[in-house]
Amino acid sequence: MLLTNNLGYPRVGAFRELKKANEAYWAKKISAEELLQAGLKIRESNWNTQKDNGIDLIPSNDFSFYDQVLDLSLTVGAIPARYNSLLNKIDRQYNLDLYFAMARGFQEGGVDVTAMEMTKWFDTNYHYIVPEFVKNQEFKLTSEKFLNEYNEAKQLGIETKPVLLGPISYLLLGKEKETGFNRIDLIDNLLPVYEEILGKLADAGAQYVQIDEPFLALDIDDATRALYARVFEKFATAAKGIKLIVATYFEALRDNEETALNLPVYALHVDLVRGENQLDSILAKVPASLTLSLGVVEGRNIWKNDYEKSLTKIKQAVDALGKDRVWIAPSSSLLHVPFDLDNENNEESLPAEVKNWLAFAKQKLAEVKDLAVLADAEVDAETQKRFEANKIAAESRRTSPLIHKPDVKNRVNNITDEDAKRTSVFDERKAAQLAKFGLPAFATTTIGSFPQTKDVRKWRADLKKGAISQEQYDKEIAEETERTIRLQEELDIDVLVHGEFERNDMVEYFGEQLAGYAFTQNGWVQSYGSRCVKPPVIYGDVYRPADMTVRWSSYAQSLTNRPVKGMLTGPVTILQWSFVRNDQPRSTTTYQIALAILDEVQALEKAGIKIIQIDEPAIREGLPLRKADQQAYLDWAVRSFRVSSSNVDDDTQIHTHMCYSEFNDIIQDIAAMDADVITIETSRSQMELLDAFADFKYPNDIGPGVYDIHSPRVPSTEEMVNLLRKAKAVVPAEQLWVNPDCGLKTRAWPETKAALESMVEAAKILRAE
């Protein structure tokens, strides 16, 4: 029978056990030992689940308390100098204070250090901690996490396959923190540590090691391409007989195909979901010594696998290579999907018909095993029964009346260029908005959400359970909203927000009010660290049956004479942060959402809300990984935003927000969105990200974030003033707004108030200057 191979498994726990343990540790409610035990319990459960579902090659070292790239930085000693005061705590298991300081910053006992930069993991909504490199960077082995977790599994009687992010991809994911060198030139300094790691794993008895090199599926230059052969020649020697597996994912190999196929390794994993058309070319070139791991089960979405379609590819590979040289696998790590569909039992939010079309991580393991059995000559009765059920589910999804709405399709088909264009140019709109709002220079605002305390979350939970009435809930939300409006007035913020206390999540909240969506109870996916999201499921045509935000925005505006922003999530972000239907082009689904958001924008405007923010933090995230594919995406992504925001008066001010992305390569397209004001994350990079807007001479207004809301530390007024001076040096003062990096939902009230006081004071100092 064909071997089954899994690249990685979700690590937050079926019910977010890791999130709860991490946050308890940060709050000093549990000890380091208790946190480590919580991690061990999740790892043991994951390994046993994979073993019970018939996976042959089970990963280890895919678990992380915060982020796998950060784990590797600690493993190879790539620890920025600002953390030297915490270095004495390094041990061979985990140095939790140092580790979390690198992830979140540290402000305690006279030590005050900022967090490392965070950005998106390729085109996913997962965020990784960006490695920082200096010229002549030295590396040394400072953590044996990879070995400890391999040995943990072995003690349970489970032979695992340790997973390492490859050295080339690791360096390319990082950033130079001084001039005069290219980070890829550090490869010779880094390789000895990897060779030491492989040697230790070989001595411990590891049979396989998976080395992830996702950049083999991206655009790389000839010099980098040539580096792969040299690196893996060294690894082949250091591995002492370990069977090395190179894993690629998220795209096809394309021009890197020959490089990947000719590496001196035992097996190569390829993504046949994102790169579904690459198998013919690969099979024509694959060397006789190489085993292929076929990523046929979607690792990034939750739809059931189409067994018939997958078996066609598997049969093609088996016919060419033989059963011994073909493995069955998910397309990528299952980090990006929820734990277990069996934990979903609410038919009201997830109808049985829709649930029957889905597969979460545990179910995907079963799909991998089924496909391996079905590709064999002899199929047992139970597997055959599941095969027939799979065909029935696929046919049900193709024909279900739940999915298709002709009116929605017709409205998308009738969108014109005029529907994607504001009536007047920006300068004319800005004049009308200045007359309308009379805002000062360096106008202050926040990104939207304010702290969602335990009380706020409890009200929502109690309402769901029926423990309080809708009237009680609304009363509590109204009082919290008024307190927040009064606080913003006291702080002297210029443009207010209502706080979003009625919202669970910036995408889920809207999905719950749009047709064509379903929802899970426990479909949690890690976004970063302890932050988990529960993406809604787009299964059918999307439209807006009724107002979604007008009530609470209007209520907040009635409490104050200052302008209150209406807060919406943009069409591309709603798409990206949902599990999206795969039976029509993503662009079509996005236009459907854009029209629904437009309906809400016009309802807000009619209700007297004249500043409306349409957040698009995911627009960069959705950019295809290959340059040749990017412009087509940007064309429809930008047009979708403009459809959602254009049909308004000149004196209605449209804001958008983006965070944790590199903007240089798409700055023209961001400008083409034509938002009156864009707010962006810039504090972790010390305003470096603003350079793209300055070099391009961005025409509209910009609010560069002056403090990092993902860190609990409270920056000083002086720190923010210095950042604003940096901003003013590259962007004209009349274009600048002052705001945090992102929403304040995850922060506590005391630090929020203190940071906003400093922010407003910083703006006033800049005005005086």
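**View 1. Burial of helix H3 (residues 68-75) in the predicted model.** Helix H3 is mostly covered, with eight of its eight residues buried; these are Gln68, Val69, Leu70, Asp71, Leu72, Ser73, Leu74 and Thr75. The elements that cover the buried residues of H3 include helix H4 (96-104), helix H5 (145-155), helix H6 (167-173) and H7, together with strand S6 (127-129) and strand S8 (160-165).

**View 2. The two ends of helix H3.** At the N-terminal end, Asp67 acts as the cap of H3, a side-chain oxygen of Asp67 lying 3.3 Å from the backbone nitrogen of Val69. Just after H3, Gly77 adopts a positive phi of about 75°.

**View 3. Tyr170 in the largest nonpolar core.** This core holds 119 residues, of which Trp121 and Tyr170 touch the most other members; its largest share, nine residues, is contributed by helix H7 (residues 187-204). When residues up to four places away in sequence are not counted, Tyr170 touches Val69, Leu72, Ser73, Val76, Ala78, Pro131, Phe133, Leu165, Leu190 and Tyr194. Another core, of 98 residues, lies apart from this one and has Tyr509, Cys659, Leu724 and Leu766 among its members.

**View 4. Packing of helix H26 (residues 717-730) against helix H27 (residues 749-768).** The axes of H26 and H27 are 8 Å apart and make an angle of about 45°, and the two helices are therefore oblique to each other; H26 passes H27 in a right-handed crossing. On the H26 side, Thr717, Met720, Val721, Leu724, Arg725 and Lys728 take part in the contact, and they meet Ala755, Ser758, Met759, Glu761, Ala762, Ala763, Ile765 and Leu766 in H27.

Technical notes: Residues numbered from 1 in each chain as written. Predicted model: local features only at pLDDT ≥ 70, side-chain atom pairs only at ≥ 80, totals over all residues. Heavy atoms only, no water. Core = buried A, V, L, I, M, F, W, Y, C linked by side-chain atoms within 4.5 Å. Buried < 20%, exposed > 50% of the residue type's maximum accessible area, 1.4 Å probe, protein only. Helix = DSSP H or I, 4+ residues; strand = E, 2+ residues; numbered from the N terminus. Contact = heavy atoms within 4.5 Å. Polar contact = N/O pair within 3.5 Å; in protein donor to acceptor, adjacent residues only side chain to side chain. Axes fitted to C-alpha atoms, helices over the stretch in contact; angles between N-to-C directions. Parallel < 35°, antiparallel > 145°, perpendicular 65-115°, else oblique. Left-handed = near helix turned anticlockwise from the far one by under 90°.
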